[in-house]
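Here is a quick walk through one protein chain, strand by strand and turn by turn. Have the sequence and the model open side by side as you read.

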Amino acid sequence: MSGMARIVLASGSPRRQELLQRIGITDFTVRVPEADESYDPSMTPQEIVCHISRQKSMALSSAEDEIVITADTMVFLDDTRLGKPKDEADALQMLTALQGRHHTVCTGVTVRQGGRIVTRAASTDVYFRPAEERELRAYIRGGEPMDKAGSYGVQGQGALLVERIDGDFFNVMGLPVLLLSQMLRQFGIDLFS
């Protein structure tokens with residue numbers, strides 16, 4: 001990886017940290033911002049995730065030579081946002097609503113260095129197979145859904161609920177790596193050099 005800039009991942013997500021390492025960014029610092037994540041409900045899903053990603057970026061102070069990466073991922077069924085489940089009953093309700101249908105995972109990504117800031121969004125359609133209630137309950141008992149938007153993790157046992165994905169698989173994990181690599185190139189970072 002070329003470039004002398006220091007990379008800061010402004011996210012406590014272990015999945016995002018793992019994805020950065022997978023694409024060759026192994027030397028980075030993690031700093032988690034305290035950001036206002038409120039938004040205008042009239043915004044589109046892509047506008048919402050871009051707005052919050054940008055808010056997270058602006059909430060983190062950084063040195064001029066640091067490149068700050070922030071992201072915000074949300075799951076939408078039709079136009080309804082599905083957050084992290086409050087409890088097992090909430091997880092069952094979400095997973096039941098998703099089965100046999102498709103939903104959209106949107107991630108807003110912001111890359112910032114000094115006064116320069118670029119924000120873009122990626123959307124991926126995820127199609128769930130019809131599932132039996134006993135399967136959903138067993139999945140929830142395992143605990144995986146409890147800290148994930150939409151109540152599932154595509155990188156774990158939740159993959160058994162997914163029939164197909166149209167778009168960036170890694171976006172569903174919380175970081176669209178192709179989009180991020182294109183954005184980093186605008187800041188002089190080529191992940192292939």
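## The loop at Asp78

Asp78 sits in the loop between E3 and E4. Keep in mind that this is a predicted model, so the angles here are computed from predicted coordinates. Asp78 isn't a glycine, yet its phi is positive, at about 55°. What about its surroundings: is Asp78 buried or exposed? It is exposed, because its relative accessible area is 56% and the cut-off for that label is over 50%.

The turn belongs to a hairpin: E3 and E4 have two residues between them, and Asp78 is in that turn. The two strands run antiparallel and are joined by three bridges. Right beside the turn, Leu77 has Thr80 in E4 as its bridge partner.

## E3 and its partners

Now follow E3 itself, residues 66-77. Eleven of its twelve residues are buried, so the strand is mostly covered. Besides E4, E3 pairs with E1 (residues 6-9), and here the strands run parallel, with four bridges between them. One spot to look at in that pairing is Arg6, which stands opposite Glu66 in E3.

E3 also pairs with E5 (residues 102-113), this time antiparallel and through nine bridges. Two places let you check the register: Val68 stands opposite Arg112 in E5, and Thr70 stands opposite Thr110 in E5.

## E5 and the second hairpin

Why call E5 largely enclosed by the rest of the structure? Because ten of its twelve residues are buried. Apart from E3, its partner is E6 (residues 116-128), which runs antiparallel to E5 and shares twelve bridges with it. Within that pairing, His103 is opposite Val126 in E6.

E5 and E6 make a hairpin too, with two residues between the strands. Gly114 in this hairpin takes a positive phi near 60°.

## What packs around the strands

Helix H6 (residues 177-185) contributes a set of buried residues: Val177, Leu179, Leu180, Ser181, Met183 and Leu184. And what do they pack against? Three of the strands discussed above, E3, E5 and E6, are on the list, along with helix H1 (14-22) and helix H5 (169-173).

Another helix to look at is H3 (residues 88-98), which holds Ala97. Ala97 and Leu77 are 20 residues apart in sequence, and their C-alpha atoms are 8.4 Å apart in space. Ala97 is partly exposed, with a relative accessible area of 31%.

## Ser151, another positive phi

Ser151 is a non-glycine residue with a positive phi as well, at about 70°. You'll find it in the loop between helix H4 (133-141) and strand E7 (162-166). Is Ser151 buried or exposed? Its relative accessible area is 0%, so Ser151 counts as buried. Asp78, by contrast, is exposed at 56%.

## The chain as a whole

Step back and the inventory is six helices and seven strands. Along the sequence they come in the order β-α-β-α-β-β-α-β-β-α-β-α-α. The C-alpha trace spans about 50 × 35 × 25 Å along its principal axes. A compact globule of 193 residues would have a radius of gyration near 16 Å, and the 17 Å of this chain agrees with that.

Buried residues account for 44% of the 193. Take the contacts between residues at least 6 apart in sequence: 68% of them join residues at least 24 apart.

On the outside, the accessible surface comes to about 9500 Å², with 48% of that area belonging to carbon and sulfur atoms. As for charge, there are 21 positive and 26 negative side chains, and the centres of the two sets lie 2 Å apart.

Notes
Residues numbered from 1 in each chain as written. Predicted model: local features only at pLDDT ≥ 70, side-chain atom pairs only at ≥ 80, totals over all residues. Heavy atoms only, no water. Rg over C-alpha atoms; globule rule 2.2 N^0.38 Å. Buried < 20%, exposed > 50% of the residue type's maximum accessible area, 1.4 Å probe, protein only. Contact = heavy atoms within 4.5 Å. Areas by Shrake-Rupley, 256 points an atom, 1.4 Å probe, with all protein chains shown as cover. Lys, Arg positive; Asp, Glu negative; His and termini not counted. Charge placed at Lys NZ, Arg CZ, Asp CG, Glu CD. Pairing = 2+ DSSP bridges.
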